[in-house]
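This briefing covers model confidence, internal cavities and cysteines, in that order.

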Amino acid sequence: MKARKELTQKFKPYSKLIEQHFTETPKDKGNLPEILVITTYPPRQCGIATYSQDLINAMNAHYVASFSIKVCAIESNKEQHQYDDPIVKYTLNTSENESYNILAEKINADTNIKVVLIQHEFGLFHETVDGFNTFLNQLKKPVSIVFHTVLPGPNEDLRQNVKKIIASVDSVIVMTHNAAGILTHEYGAPDDKITVIAHGTHLIKHGKKESLKSKYGFEGRTVLSTFGLLSSGKSIETTLDALPKVVDKRPDVLFLIIGKTHPTVVLNEGEVYREFLTQKIKDNNLENNVVFINKYVDLNELLEYLQLTDIYLFTSKDPNQAVSGTFSYALSCGCPIISTPIPHAREVLAGDTGITFDFGNSTELAEAINRLLFDPELRERMMLNGLHKIVHTAWENSAVSHAKLLQKIAGTNEIVLEYSNPKVKLDHIKNMTTDFGMLQFSKLNVPDRQSGYTIDDNARAMIALGMYYKKYREPETLRYINIYLDYILYCQQPDGKFFNYVNVNKNFTDQNNDENLEDANGRALWALGYLISLSDILPDSYTQRAVAAFKKALPYTKEIYSTRAMAFVIKGLYYFNRHQRNEDNMLYMKLFADRMVNMYKHEREEDWKWFEGYLTYANSVLPEALLLCYAVTGNSEYGEVAKESFDFLLSQTFDGDTIKVISNRTWLYRGQGKARYGEQPIDVAYTILALRKFHDIYKSPKYLDKLEIAFNWFLGNNHLQHVIYNPCTGGCFDGLEEHSVNLNQGAESTVSYLMARLTITKYFGNADHTYFRRKSRGAKTEVLNG
């Protein structure tokens, strides 16, 4: 007690920290491993504080029961705040060396802290450079440091200081490849210590530009914008000097300057810079063309301003600014960008993604603005190129990259990562559905009405919404189920067969004559059979129409020999059988099952246990269908072939703790190597459907383990560590390629994800946010409710 009192009196600014240091907190064995982030943090208003809050929120949302994140808020004698958020565990006063010593002692004594993540900016630690370096050496925990600025051409003092920092930590994070190159070549940092994780951005819903302009009173205006805490370094005057040449040709142009003056600037200079800009606006007669949004804009409002922006302007005059969060956010909101050539801009805007101009050159800027204003096709191309380059930086992806890196340096036994399953969301499916049916494609998340409709998508949608209604019983869902059922009935021809393709004018297209429609007919019967199986909870009219259509179509199926079409029909018969056992249906099931078994026996070899000489798409449906036949008939041969073929398929699609489904670039032929990349959500979803059935029948934990791995593919457990499901829209990206994700969110991928998400709820009861936990990697899977 005496020691505590003496320290408290001697170092009054650190009384809170000293009290925490002496307080004995009983350790609960169930405590999660702790990640301590040393950073500025709200309510402090600065870019790093916002960055850290966004990162922490993303990590907490993306993982469950994996770690606890706490913050040590960076302060100084001039910058001190009251923190109401319980996440703030400590404060560090970087004006005083003793604060480092107390913090280091506290961190080292806390056995629950497994790793420390430091957000570094030279200005934050400039008062106590030696104290900071000593602090790094004192820490006995793994440390990762994020360099928000990497200066090229350092003098010797700077070079030696940065080298000391790098030598003292376990990993270094930078946000651009350019910054990584500077650290390697000019500071001697080892490559294996550096990880590039781009500045995070927010996933948004696109296609709301005009409605947002109306919301904010900017109808009929062409909007230019820039945002960020205002300071002279933003060089806003460069734009104000360029605007007269722009307004002369486009009087409708409106330039938004979004953001309040930086608090530190206000503290030291007042509003001198804003007053300077206000005078320049008057001098250039721009009062009708410039608006200040003079406040600290909250995230949702900011993203709306950026979405209504036609061209974003970034005019920083600092050639050494490595990265800009404002720049990244604008790209993610679909803004074509004109920027000064900071390293981040040179890296991202190359290749028709944006335009760069020289620092302070208002003439070049005016020419670039006018070029884009009068070339809407170029703006559209830049917007799409920018989105494809920036989507990997979504906060969800940043969360995965940070979590896996911190797990690596802390030790996989210290931090076990468990993905949090997203809440079930129907927004995008509803947006993709008209009164006639579900549209086939979308451009980004905007439905493409010209793409028309298919029975494939509407059949899958009817199954998925049936699964959803079975779980949630939301009355509105019935309207969508009815739309998809009506579409299927619309496509049924007098002979019982189904056409697949319908254009936007509700006319059948020539594709129906040019393509084999067996698979589409099989999917229609699967969907009808599944709907019939829900007869106890659906209106009678739904069941009656579905039964009539099913019976009308079934006789035609005798002519089907496509493996997948037969498998889809079997699934339809299986679900019909749940509603009403029918001997004729049983005969059809055995007919198709025997055909598939004979195909299997014909193709099977010791190293190729499959029905065909190649693996293509929707492979999992084949063994799953035979398994269903085994479940209904008890024929052991069906079960044996189903299990053997499915285990073979799993050996071709799972690699340890990851799934890599058969590439759609080229199928996997017997005796040939497996192509990589080109992975489709539908194949992952069908694998999940089959894994659930195999687990139900055989109760083997390996199927449950693989089900977890497969679903986590959607959440970032893939070769790019990128999310495939879009939690913002409720859609699913259309595919995973070698270096990127296909950003379009069409019907097939979105419905496939929903089917997968609803399938895994079987193991979770009624909870939306639940998870698997493996006691240890490779051990028997234990299922827990979240």
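Residues 10-29 have pLDDT (the predictor's confidence in each residue, from 0 to 100) under 50 throughout, and the model gives them 29 contacts beyond four places in sequence, a contact being heavy atoms within 4.5 Å. This is a predicted model, in which local features need pLDDT of at least 70 and side-chain atom pairs count only at pLDDT 80 or more, while totals for chains, interfaces and linings use all residues. Residues are numbered from 1 along each chain as its sequence is written, and side-chain values use heavy atoms, with hydrogens and water left out.

**Confidence**
- Over residues 764-786 pLDDT also stays under 50, and the model has 58 contacts beyond four places in sequence for them.
- Where pLDDT is low, the predicted coordinates should not be read in detail.
- The average pLDDT of the protein chain is 91, and 93% of the residues score at least 70.

**Cavities**
- There are six cavities of 30 Å³ or more in the structure (on a 1 Å grid over the protein atoms alone, sets of points where a 1.4 Å probe fits but cannot get out).
- The largest cavity holds about 150 Å³ of space, the volume being that filled by probe spheres set on the points.
- It is lined by 15 residues (an atom within 4 Å of a point), of which Leu-203, His-206, Ser-332, Leu-387 and Val-391 are the closest to its centre.
- The lining of the largest cavity has nine nonpolar residues, six polar and no charged (Ala, Val, Leu, Ile, Met, Phe, Trp, Tyr, Cys and Pro count as nonpolar, Asp, Glu, Lys and Arg as charged, the others as polar).

**Cysteines**
- The count of disulfides (pairs of cysteine sulfur atoms within 2.5 Å) is zero.
- Cys-46 is in no disulfide, and the nearest cysteine sulfur, in Cys-72, is 14 Å away.
- Cys-46 is buried (under 20% relative accessible area, 1.4 Å probe, protein chains only), at 11%.
- The sulfur of Cys-728 is too far for a bond, because the closest cysteine sulfur, in Cys-333, is 9.7 Å away.

Methods
1 Å grid on protein atoms, 1.4 Å probe; cavity = no way out; pocket = protein on both sides within 12 Å on 5 of 7 lines; lining within 4 Å. Buried < 20%, exposed > 50% of the residue type's maximum accessible area, 1.4 Å probe, protein only.
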